[in-house]
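These are my notebook entries on a structure that I looked up piece by piece. I recorded each part in turn, beginning with a single residue.

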Amino acid sequence: MLRALAARLKQGQRTLSYPKGTPTLPDRFRGRPETDFSRCDAGCAARLKDCPTGAVVETDGHRRLDLGRCLFCADCAAACPHGAVRFTAEHKLAAWSREDLVLPGTEPKIRPDDPKFRKIARSLQIRVVSAGGCNACEADINVLSTIVFDLSRFGISVVASPRHADALIVAGPVPRNMRLALEKTYRALPAPRIVIAVGACAISGGPYAGHEEVCGGAAAVVPVDLYIPGCPPHPLTILDGLLKLTGRL
Amino acid sequence: MSRSSLRLQNGERAELKDVPLLSLREFHGDLLCDIRQGGRLASLFGHPVGDGVRLFAVTAHGDTGELSVSSADAGDSYPSLTPDCPQAHWFEREIAEQWGARPEGHPWLKPIRFHRPYRGGLPSDGGPLPAGVTDYFQVQGDGIHEVAVGPVHAGVIEPGHFRFQCHGEDVFHLEISLGYQHRGIERALVGGPGPRSIHLMETAAGDTSVAHATAYSWAIEALSNRRSPARGSVLRGIALELERLANHTGDLGALGGDVGFLPTASFCGRLRGDFLNLTALACGSRFGRGWMRPGGAAFDLEAPRAAELLERLGQAMSDVGNAVGMLLGSPSVLARFEETGVVSKASAEALGLVGVAARACGLERDVRFEFPAGIFRMTHIPVSTWESGDVFARAQVRWLEIQRSAAFIAEQLVALPEGPIRSEPAAGLEPESLAVAMVEGWRGEVCHVALTDAAGRLARYKVVDPSFHNWMGLALALRDQQISDFPLCNKSFSLSYCGHDL
């Protein structure tokens, strides 16, 4: 008993004050990119085609960066010596629609006024389905339950049974082998169901986009309400998304 | 070692024409002879040649530090090695599933990932192939019942299906059926390297990004006659050991959680993150994404950064010592860890277990020691073993490794060699070649084998995650255990589903 108390003293108080205070992220952390593709020359254009997931998209002669596909590898920042892409330390990335993930975009939208979101303001129970990713998104979701982030102080918890859940988090590109299990889990949630796609895989298939073994993300199987990009997203990015969902941010 | 095979060092390239092509009888005879003399099957895979399938075997000889490679043409079927060599059992199932080459006499031939064969021209009904739908080993008799769990589990964990044959609370047998995470990594690497290749490697098993990216980089460097500069090699070693620190610390905490010992579970949950944040200090990503690249490392540790890393490492280690000391010093914890989930040394050897699971059975298996490459040629980390083969042994080996990895990192940080961290890009890969690269990831041996075609593109890229060898170890550990001890045993192995399923 005394030993446990001494250890508790030594280990100290570790819970972040987030969202009141934001911890300093490492200087090499790659968060929300700022883009200005008008700076590119012809050489950049050729190199930007090498984006591993084709996240630099060109429509009507305009180049844009799709955060839903982005692995945050920053190869594009290196591809354009004129600084068309610069990764900032901004960790807030969650978006309510797939289109809002494409940069440069419009101002970030607020939560859609759907009655199903009002029910979860004080209590949000989440069921996570891991579907074919690399388990890094799952690892950084799990981290939210540690003393550092202490998810339960926001009235949010991860539950074992889909019957107890308000929302479903999907991580991974959803392999064909997981499709049925994801459908069944979704149907086991009581309506109205909320679905959150966490990570590049769940949003767009990520590095497995186009593989015939996968469905190419959560939206191919279930309707998605909130997108949290990253590969994997930082725990703070996920937490920010969940707090936006409950209306706390 | 048999005379007919080609011998390689870890991270070395050979021309494909120098890999002996044996008759099936010689191939089997040589492999069995090698394994009887202490060799271990590091990789066994098929590669399509013409209309048929060629088998390639890579045997690891820990005593000499050499790898031997041989091949044989199998056609649509070949006599199974498994009855004489149990460590081939999962590989042969994989070969049958990928290439439709049937191992005749295999005692338990069934899919491991539930996908259609890659080789054209095979008879196939074209219908769906539902994951997990297959025959399972069943026990029958009075009071026998079956418990089926998964693919979706109660926690935030990866999908897999488990079938327990139970008598009351006692488990007679556990069968594990995976494949739900299969996303086609090996198939997508063929024709490369391309812009996605390194990302497929970094996400083969997300918690093992550094080890897989390092093995891939070594394989590509061997094929392109490129080397990492000394400073890059040291950075690779530091990254690898940071990955080990984070995962071992997290696992020790989770083991505490599984026996209801919450202080350590809580402390280690935080400390795991502290180690991940050290990796993020170096490269911006908690999982080491972007740090390891062919040719060396992509991010340097300049003096102030190295000093900060060293200081934070010391603080974290002091807290880890405190947290783990409480765990392993508590009689109530030891009562649950000791003699739970025992795997005998003989079983570990027969199954070809690797990594923590093997060392906890007293086997001195560690790529860093047996097949050293990069910085591990210069600096040796003692191999951590324990004899008892139980949950306690697997916890104790982790704790020993945590201390040794931290000492290694501290030693390297103050003696980083000067110079560049990455060598100049190479022109391309050597054609018609083979390279083997092995790295001791935190779970165990990560083995990559790359084959190139006449144009210098990847014709086959075989990835063996340590979990591929070790899932059967977990199944054995459950025999004669209470089913309620499954979470504890499972965590003590802490295997990867995505690393297995690829």
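Entry 1, a residue in a helix. I noted beforehand that a residue counts as buried when its relative accessible area is under 20%. The model I consulted is a predicted one. I looked up His28(B) and found it in helix H1 of chain B, which covers residues 24–36. Is His28(B) buried or exposed? Its relative accessible area is 11%, and therefore I recorded His28(B) as buried. I then listed what His28(B) touches, leaving aside residues up to four places away in sequence: Tyr78(B), Pro79(B), Ser80(B) and Leu81(B).

Entry 2, a residue in a loop. I turned to Trp108(B), which lies in the loop between strand S8 (102–104) and strand S9 (144–149) of chain B. With a relative accessible area of 33%, Trp108(B) is partly exposed. Not counting residues up to four places away in sequence, Trp108(B) touches Arg93(B), Asp135(B), Tyr136(B), Phe137(B) and Glu175(B). I also compared two positions: Trp108(B) and Phe468(B) are 360 residues apart in sequence, and their C-alpha atoms are 16 Å apart in space.

Entry 3, a sheet. In chain B, I traced an open sheet of 4 strands with antiparallel pairing, in the order S2-S14-S15-S16. Which strands stand at the edges? They are S2 (12–15) and S16 (458–464) of chain B; each has a single partner strand, so one side of each is left without a neighbour in the sheet. From one strand to the next, the twist averages 15 degrees. Within this sheet I examined S14 (residues 433–440) and S15 (residues 445–452) of chain B, which are antiparallel and joined by 7 bridges. Val439(B) stands opposite Val446(B) of S15(B). I also noted that helix H5 (residues 209–223) of chain B lies across S2, S14, S15 and S16 of chain B, and runs at about 150 degrees to S14(B).

Entry 4, a pair of helices. I looked up how helix H8 (residues 303–328) and helix H13 (residues 391–413) of chain B pack: the angle is about 160 degrees and the axes are 10 Å apart. Angles over 145 degrees count as roughly antiparallel, and H8(B) and H13(B) are therefore roughly antiparallel to each other. Their crossing is left-handed. Among the residues that make the contact are Leu309(B), Leu313(B) and Met317(B) of H8(B), and Trp399(B), Ile402(B) and Ala406(B) of H13(B). I recorded the residues of this contact as 16 nonpolar, 3 polar and no charged.

Notes. Residues are numbered from 1 along each chain as its sequence is written. Chains are lettered from A and ligands numbered from 1 in the order in which they are written. This is a predicted model: local features need pLDDT of at least 70, side-chain atom pairs count only at pLDDT 80 or more; totals for chains, interfaces and linings use all residues. Side-chain values use heavy atoms; hydrogens and water are left out. Buried means under 20% relative accessible area, exposed over 50%, partly exposed in between (1.4 Å probe, protein chains only). Contact means heavy atoms within 4.5 Å. Two strands pair if DSSP finds at least two bridges between them. Axes are lines fitted to C-alpha atoms, for helices over the stretch in contact, and angles run from 0 to 180 degrees between N-to-C directions. Angles under 35 degrees count as roughly parallel, over 145 as roughly antiparallel, 65 to 115 as roughly perpendicular and the rest as oblique. A crossing is left-handed if the near helix is turned anticlockwise from the far one by less than a right angle, and right-handed if clockwise. Ala, Val, Leu, Ile, Met, Phe, Trp, Tyr, Cys and Pro count as nonpolar, Asp, Glu, Lys and Arg as charged, and the others, Gly among them, as polar.
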